[in-house]
Amino acid sequence: MLAEQAAEAIATRTGVIHHHVAVILGSGWQTAATEIGAPTASIPMSELPGFEPPTAQGHQGVVHSVTVGESQVLLMMGRQHLYEGYEPQRVVHAVHAAAAAGATTVILTNAAGGIRPGLRVGETVLISDHLNLTGRTPLTGASFVNMVDAWDPALRTLAREVDPALTEGVYAGLNGPQYETPAEIRMLGGMGADLVGMSTVLEAIAARSLELRLLGISLVTNLAAGVTGEALSHEEVLAEGRAAAPRLGKLLRGVLERL
Ligand code: HPA
C-alpha cells in the first residue's frame with residue numbers, strides 16, 4: 001500500500017524507524033516550524049510515494065524529521081486539499097503515512113476565518129469538534145467510526161497547560177477554494193460553527209478511523225466574510241501566519257514536549 005511505501009521511504013531517508021507524532025502545518029503555520037527544532041532530515045514531498053507537491057501558496061512541500069524531548073516528530077510542511085482537485089484518499093494520505101510510520105498522535109493545524117463574535121485575528125483556538133461540510137469522506141466501505149470526542153479532550157487539556165489562554169471552537173470544513181459569502185457565514189454561525197476553513201475535517205476522520213489521538217489548532221487569520229465588511233485574501237492569511245510564527249512554534253513545541 002502507498003502509505004506503507006511512504007513510511008518505508010521516511011524511515012530510510014531519516015534513519016528513524018519509528019516516528020511518534022506527526023504535525024501537519026497548514027497555511028499560516030509554515031514559518032512556525034523553525035521554532036520547533038532543527039530537522040535531522042528533510043524530504044521533499046515529491047520524493048515520497050503518494051504525496052504530491054502542494055499547489056497551495058505558502059505550503060513548502062517538505063517533510064521534516066525533528067526530535068523534540070523524547071519524541072521523534074514528523075513535520076509535514078503543507079497538505080493536499082479537495083479544492084486542488086484531489087480525491088479524499090489523497091487528501092488523507094499524510095495521515096495514513098504517519099500512522100504507518102509509527103505515529104500514534106496527529107496534530108492538525110490550519111488557518112481559519114473567525115465566525116464566533118469575540119474571536120480576534122491572530123488568536124489560536126483548539127478545535128473541540130467539527131462540521132464536515134465537504135460532502136465527502138475518506139472512508140471506504142462500511143466502516144462506522146465513532147466521532148464523539150474525536151478531538152482528544154486530554155490533549156486539549158495538555159495544550160492549555162502550555163497556554164492557559166487558549167479557547168476552544170467548532171471548525172466547519174468546506175470545499176473551497178472560494179471564500180464564503182456573508183450569507184453562508186451567517187448560516188454556519190447558526191449551525192454552531194466558530195471557525196471556518198478548507199481543510200482538516202477529512203484528515204480528522206481518517207485519523208480517528210486509524211485510532212490516532214487527535215489535536216487540532218486553528219490560527220484565526222481573518223474574521224469570516226461579512227463580519228467586518230472587508231474582502232478576504234490568501235495574502236492576509238499568510239501574513240498573519242508569519243506574524244504569529246514565534247508564538248505558534250512555541251505552542252507546538254510546548255505540546256510536543258509534554259506528549
Ligand atoms: N474561510 C475559509 N477558509 C479560510 C478562511 C476563511 O475565512 N481563512 C483562512 N482560511
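**Exercise 1. Which residues of helix α7 are buried?**

Step 1. Fix the terms. Buried means under 20% relative accessible area, exposed means over 50%, and partly exposed lies in between, with a 1.4 Å probe and protein chains only. Helices (H or I, at least four residues) and strands (E, at least two) are DSSP runs, numbered from the N terminus.

Step 2. Keep the origin of the coordinates in mind. This is a predicted model, in which local features need pLDDT of at least 70 and side-chain atom pairs count only at pLDDT 80 or more, while totals for chains, interfaces and linings use all residues. Residues are numbered from 1 along each chain as its sequence is written, and side-chain values use heavy atoms, with hydrogens and water left out.

Step 3. Read off the residues. V201, L202, E203, A204, I205, A206 and A207 are the buried residues of α7.

Step 4. Conclude. Helix α7 covers residues 201–209, and seven of its nine residues are buried, so the helix is largely enclosed by the rest of the structure. After α7 comes E211, which has a positive phi, near 60°.

**Exercise 2. Which residues touch the most other members of the largest nonpolar core, and which element gives the most to this core?**

Step 1. A nonpolar core is a set of buried Ala, Val, Leu, Ile, Met, Phe, Trp, Tyr and Cys residues joined through side-chain atoms within 4.5 Å.

Step 2. The largest core has 42 residues, and those touching the most other members are L48, F51, L74, M76, L108, W151 and L195.

Step 3. Elements that supply at least two residues each include α1 (2–14), β4 (71–77), β5 (105–114) and β9 (213–223). Helix α7 gives the most, with six residues.

Step 4. Take L195 as an example. Contact means heavy atoms within 4.5 Å. Leaving aside neighbours within four places in sequence, the contacts of L195 include A112, I115, V125, Y171 and V220.

Step 5. A second, separate core holds 28 residues, among them V62, V68, L126 and L166.

**Exercise 3. Is T124 buried or exposed, and what is T124 in contact with?**

Step 1. T124 is part of strand β6.

Step 2. Its relative accessibility is 7%, so T124 counts as buried.

Step 3. With neighbours within four places in sequence left aside, T124 is in contact with W29, L166, T167, I217, S218, L219, R247, L248 and L251.

**Exercise 4. Where do the partners of the E87 and R136, D194 and R116, and E257 and R253 salt bridges lie?**

Step 1. A salt bridge is a side-chain nitrogen of Lys or Arg within 4 Å of a carboxyl oxygen of Asp or Glu. The whole structure has 11 of them.

Step 2. E87 and R136 pair through their side chains at 2.8 Å, N to O. E87 sits in the loop between β4 and α3 (88–91) and R136 in the loop between β6 and α5 (153–162), so the pair ties together parts 49 residues apart in sequence. E87 is partly exposed at 46% relative accessibility, as is R136 at 34%.

Step 3. In the bridge between D194 and R116, the closest N and O atoms are 3.6 Å apart. D194 lies in the loop between α6 (182–190) and β8 (195–197), and R116 in the loop between β5 and β6, 78 residues apart. D194 is buried at 14%, whereas R116 is partly exposed at 26%.

Step 4. E257 and R253 meet at 3.1 Å, N to O. Both belong to helix α8 (residues 234–258), four residues apart, about one turn of the helix.
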